[in-house]
There are 2 protein chains.
Amino acid sequence: MTGITVLLVDDHLVVRSGLKALLGTQPDFDVVAEAASGEEALGLVEQHSPAVVVMDLAMGAGMDGIEAIKQLRQRNGRQAILVFTTYDSDADIVRAVDAGAMGYLLKDASPDEIFAAIRGAVQGKSVMSAPVASRLFQQLRNPDEVLTPREAELLSLLTQGLSNRELGQRLFISEATVKTHLAHIYAKLGVETRAAAIATAIRREGMR
Amino acid sequence: MTGITVLLVDDHLVVRSGLKALLGTQPDFDVVAEAASGEEALGLVEQHSPAVVVMDLAMGAGMDGIEAIKQLRQRNGRQAILVFTTYDSDADIVRAVDAGAMGYLLKDASPDEIFAAIRGAVQGKSVMSAPVASRLFQQLRNPDEVLTPREAELLSLLTQGLSNRELGQRLFISEATVKTHLAHIYAKLGVETRAAAIATAIRREGMR
DNA sequence: AGCAGCATCAGCCAAAAGGCTGAGAGACCA
DNA sequence: TGGTCTCTCAGCCTTTTGGCTGATGCTGCT
């Protein structure tokens with residue numbers, strides 16, 4: 001009988017083959033395909049309908065991991081999607097879970113953690129690395145400090161180095177509104193200046 | 001006979017095993033050891049004296065890749081050191097080459113590039129991925145755009161979100177001087193505002 | 001000796017950002 | 001229906017930042 005069919009999605013060949021080698025040590029895993037991009041992943045899921053999709057979020061070019069997850073969900077595939085990435089940024093975690101990821105693993109997870117996560121995922125269990133889980137809990141404990149969607153959008157543009165005027169133009173709102181949002185963002189991030197907000201955002205949220 | 005002995009250094013197990021699997025396909029490579037940290041790498045080099053050390057720069061905890069390279073050089077090992085990392089940040093490239101790296105590969109390099117780089121490294125050839133090389137050349141062509149040490153110091157503090165006043169206090173210079181430095185930095189980075197400078201610096205220089 | 005680059009500082013003015021208060025419209029939920 | 005969010009906007013005032021010009025001392029190179 002075949003074991004748990006797995007699709008690997010990562011733009012780095014070495015990561016794919018490493019993961020494949022690692023999963024190959026377990027008798028119940030069966031890596032049926034590998035994709036280097038989100039687009040490729042969609043096609044291969046159609047083709048093989050694997051039980052689990054293990055996906056990196058940061059894909060060099062084209063569709064990123066989050067987008068790929070959304071697309072997979074829309075096509076009502078029954079795959080469990082497991083995020084496997086390097087960084088534990090708040091934004092990515094929330095967006096991935098939001099998009100429909102079953103678990104969130106960091107690349108420095110131990111082999112046992114990885115195995116357990118994949119096995120759990122097919123059973124509908126949601127598994128995540130400890131640092132990831134603690135971040136999520138923190139957000140649940142302090143909902144006041146979580147940015148609203150609009151604020152997150154602004155912050156993202158802020159980290160591009162835009163001025164208030166440019167932010168307003170880009171979002172079709174007045175400069176006054178921009179300043180209001182910024183004030184709220186600063187309060188939530190615990191900073192006083194736009195410079196510190198950018199620094200915090202990029203470091204904390206992995207916004208690049 | 002044994003082939004080219006290689007030590008792999010990367011804090012991610014999957015990357016190590018992926019690379020190992022990849023190098024295993026070539027008859028002339030011989031991965032003799034793997035390290036998950038800079039400290040471990042130093043010990044294993046002593047023990048095995050491999051011909052080539054393939055090293056990631058970003059190591060989770062403890063000694064980072066650059067520091068490990070320096071240490072290896074000081075102990076006058078004859079190993080060729082090859083950087084194998086995800087990001088092509090200006091700062092990292094310069095620091096790695098400065099520390100004594102023979103080559104600089106990005107993780108999305110093709111297998112052939114990787115093989116060629118390792119074989120080249122043992123022969124004393126310096127190999128780097130195309131994007132890396134172009135960055136280096138650009139710095140050579142436009143030395144005017146390279147920050148002075150003092151400017152780099154300021155920029156680094158700038159990315160912490162400090163105000164002009166704080167920068168002055170931290171560096172024991174007047175606010176006027178801070179503004180002068182900033183104006184020069186902006187010109188060299190091709191930006192107009194401090195926000196854009198921070199964004200550019202963190203993204204381009206990998207300042208985190 | 002002279003020149004170039006670097007780091008330092010000053011003053012002036014305009015533009016941008018930030019702090020504060022208040023307020024209206026729509027969505028959502030108890 | 002009433003309360004709570006969220007998003008939107010305005011005005012006023014202070015602080016910060018940025019643009020410009022000019023200047024001094026030091027170092028290193030020619």
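Of the atoms of DNA strand C that lie within 4 Å of the protein, 67% are part of sugar or phosphate, and the rest belong to bases. The model is predicted, so to speak of local features a pLDDT of at least 70 is needed, side-chain atom pairs count only at pLDDT 80 or more, and totals for chains, interfaces and linings use all residues. Residues are numbered from 1 along each chain as its sequence is written, chains are lettered from A and ligands numbered from 1 in the order in which they are written, and side-chain values use heavy atoms, with hydrogens and water left out.

Around DNA strand C there are 17 residues, of which A:Lys179, A:Arg194, B:Thr148, B:Arg150 and B:Ser174 come nearest; a residue is near the strand if one of its heavy atoms lies within 4 Å of it. The side chain of A:Lys179 places an N or O atom 2.7 Å from a base oxygen of the strand. Phosphate oxygens are approached as well: one is 2.6 Å from a polar backbone atom of A:Arg194, and one is 2.6 Å from an N or O atom in the side chain of B:Thr148.

Both chains contribute helices to this surface. At least two residues each come from H8 (164-171) and H9 (175-189) of chain A, and from H7 (149-158) and H9 (175-189) of chain B; helices are DSSP runs (H or I, at least four residues), numbered from the N terminus. The largest share, four residues, is supplied by H9(B).

How are the two chains related? Chain B can be laid on chain A with an RMSD of 1.2 Å by a turn of 180 degrees and a shift of 0.1 Å along the axis, which is the relation of a two-fold axis. The superposition is by least squares on the C-alpha atoms of residues with pLDDT of at least 70 in both copies. Among the residues of chain B, B:Gly18 comes closest to the rotation axis, at 1.6 Å (C-alpha).

Turning to the interior, the largest nonpolar core holds 43 residues, and those touching the most other members are A:Leu23, A:Val54, A:Ile118, B:Val54, B:Ile114 and B:Ile118. A second, separate core of 39 residues includes A:Val178, A:Ile185, B:Leu158 and B:Leu189. Such a core is a set of buried Ala, Val, Leu, Ile, Met, Phe, Trp, Tyr and Cys residues joined through side-chain atoms within 4.5 Å, where buried means under 20% relative accessible area (1.4 Å probe, protein chains only).

Notes:
A polar contact is a pair of N or O atoms within 3.5 Å; within protein, one must be able to donate a hydrogen and the other to accept it, and residues adjacent in sequence count only if both atoms are side-chain atoms. Buried means under 20% relative accessible area, exposed over 50%, partly exposed in between (1.4 Å probe, protein chains only).
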